[in-house]
Amino acid sequence: APAHPLWPEIERVTLEQLQYARLGVEGGVWQLFAEDGEMKMYKREEEVDGLAVDPLKAVHTVKGVTGREMTHYFFSPDVRFEWETTLEQMKVLETIADDTLVILQIHKRVWPASQRDALFWSHVRRVPNDTDRDAQDIWIACNHSTEHHEAPSNEGKMVRVSLTVCLVCQTSIEPPADGGPVTRDHLTCKITYCSVVNPGGWVPTSALRAVYKREYPKFLKRFTQYVKDRCDKQPILF
Ligand SMILES: O=S(=O)(CCO)c1ccc(-c2ccc(C3CCCC3)c([C@@H]3C[C@@H]3c3ccccn3)c2)cc1
């Protein structure tokens with residue numbers, strides 16, 4: 001494994017997030033707050049130091065793409081402005097490996113909150129499916145807040161959020177009955193998107209929950225549609 005000081009944390013958090021995502025929405029602690037076709041969004045209402053830090057878990061099924069394609073476009077900084085509408089600036093501060101970056105993002109001001117930035121490492125990896133040999137491998141992309149000497153410490157200016165986010169994808173192939181080639185019509189990608197965002201500074205709880213309720217469904221719907229559009233008529237990446 002690459003000898004980088006962040007590597008042990010990247011390895012630990014990525015695998016923890018994979019297990020957390022695979023728990024699904026069992027246990028009755030998750031509250032369904034948005035639904036749109038196959039997409040179901042759940043949250044838990046939690047506060048840390050009086051700040052709403054509501055863990056979010058979304059499950060979605062997207063036809064015609066693979067988990068590798070879905071996590072690739074989520075990870076890739078080059079296309080982020082094409083689907084992330086709340087982004088104002090983004091800078092790759094460090095390229096640790098071709099699947100591991102440190103990114104600084106400045107988000108647009110979301111009323112009534114003041115403008116925020118997010119500094120995190122971003123990692124994408126294929127995880128061999130250890131349970132079901134026939135199933136495709138699992139792909140995970142994970143973003144987790146970190147420190148970095150190149151990021152401004154924002155004295156008194158921007159509030160820095162802290163976040164842990166993962167996108168876990170499992171592809172299934174229903175091979176054509178006639179033994180013909182597998183096309184995108186035979187692909188189904190099951191997605192679990194998990195996010196915990198600490199706003200880092202005071203935002204009125206009711207206003208923040210309204211922002212979550214509006215922004216998260218919009219974000220996941222727009223992102224998954226973006227990937228479908230990008231992959232349409234392109235060779236399949238398994
Ligand atoms: O999945 S990612 O890694 C995709 C890469 O960008 C990611 C997702 C979400 C955020 C995020 C950062 C700040 C804020 C708030 C906190 C107080 C005021 C701004 C929010 C709130 C929840 C709302 C929100 C949800 C989804 C999209 C944008 N806005 C979300 C950051 C990264």
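Q: Let's start with the interior: how many cavities of 30 Å³ or more does the structure hold?
A: In this predicted model, the structure holds one cavity of 30 Å³ or more. Its volume is about 680 Å³. A total of 35 residues line this largest cavity, and E84, T86, H107, V197 and Y216 are the closest to its centre.

Q: Which elements each supply at least two residues of the lining of the largest cavity?
A: Here the list is α3, β7, β8 (116–127), β10, β11 and α4. Helix α4 gives the largest share of that lining, with eight residues.

Q: And by class, how do the residues of that lining divide?
A: For the largest cavity, the lining comprises 19 nonpolar, seven polar and nine charged residues.

Q: Where does the ligand sit?
A: To place a ligand in a cavity, one asks whether more than half of its atoms lie within 2 Å of the cavity's grid points. In this model the ligand sits in the largest cavity.

Q: How many residues surround the ligand, and which are the closest?
A: The ligand is surrounded by 20 residues, the closest being E84, Q105, N143, Y193 and Y212.

Q: Which elements each supply at least two residues of that shell, and which one gives the largest share?
A: Those supplying at least two residues each are α3 (80–83), β7 (100–107), β10 (159–173) and α4 (205–231). Helix α4 contributes six residues, the largest share of the shell. By class, the shell has 12 nonpolar, four polar and four charged residues.

Q: How should I read the polar contacts; which distances separate oxygen atoms of the ligand from side chains of E84, Q105 and N143?
A: The idea is to look for pairs of N or O atoms within 3.5 Å. For E84, a polar side-chain atom is 2.7 Å from an oxygen atom of the ligand. An N or O atom in the side chain of Q105 lies 2.9 Å from a ligand oxygen atom. With N143, a polar side-chain atom is also found 2.9 Å from an oxygen atom of the ligand. As for accessible area, the ligand taken alone exposes 640 Å², of which the protein buries 99%.

Q: Turning to open sites, what volume does the largest pocket have, and which residues line it?
A: The largest pocket has a volume of about 210 Å³. Its lining is made up of A21, R22, G24, V59, H60, I138, V168, C169, Q170, K190, I191 and T192. At least two of the lining residues come from each of α1 (7–22), β5 (56–63), β10 and β11 (187–198). By class, the lining of this pocket has six nonpolar, four polar and two charged residues.

Q: Now the backbone: is the peptide bond that joins W111 and P112 cis or trans?
A: In general, most peptide bonds are trans. Here the bond joining W111 and P112 is cis, with omega about 0°. As to its place in the fold, P112 is in the loop between β7 and β8.

Q: One last angle: is phi of D49 positive or negative, and where does D49 lie?
A: As a general guide, most residues other than glycine have a negative phi. D49, a residue other than glycine, has a positive phi near 50°. You will find D49 in the loop between β3 (47–48) and β4 (51–52).

Technical notes
Residues numbered from 1 in each chain as written. Predicted model: local features only at pLDDT ≥ 70, side-chain atom pairs only at ≥ 80, totals over all residues. Heavy atoms only, no water. Near = heavy atom within 4 Å. Polar contact = N/O pair within 3.5 Å; in protein donor to acceptor, adjacent residues only side chain to side chain. Areas by Shrake-Rupley, 256 points an atom, 1.4 Å probe, with all protein chains shown as cover. 1 Å grid on protein atoms, 1.4 Å probe; cavity = no way out; pocket = protein on both sides within 12 Å on 5 of 7 lines; lining within 4 Å. Helix = DSSP H or I, 4+ residues; strand = E, 2+ residues; numbered from the N terminus. Nonpolar A, V, L, I, M, F, W, Y, C, P; charged D, E, K, R; others polar. Points joined across faces, edges and corners; volume = space filled by probe spheres on them.
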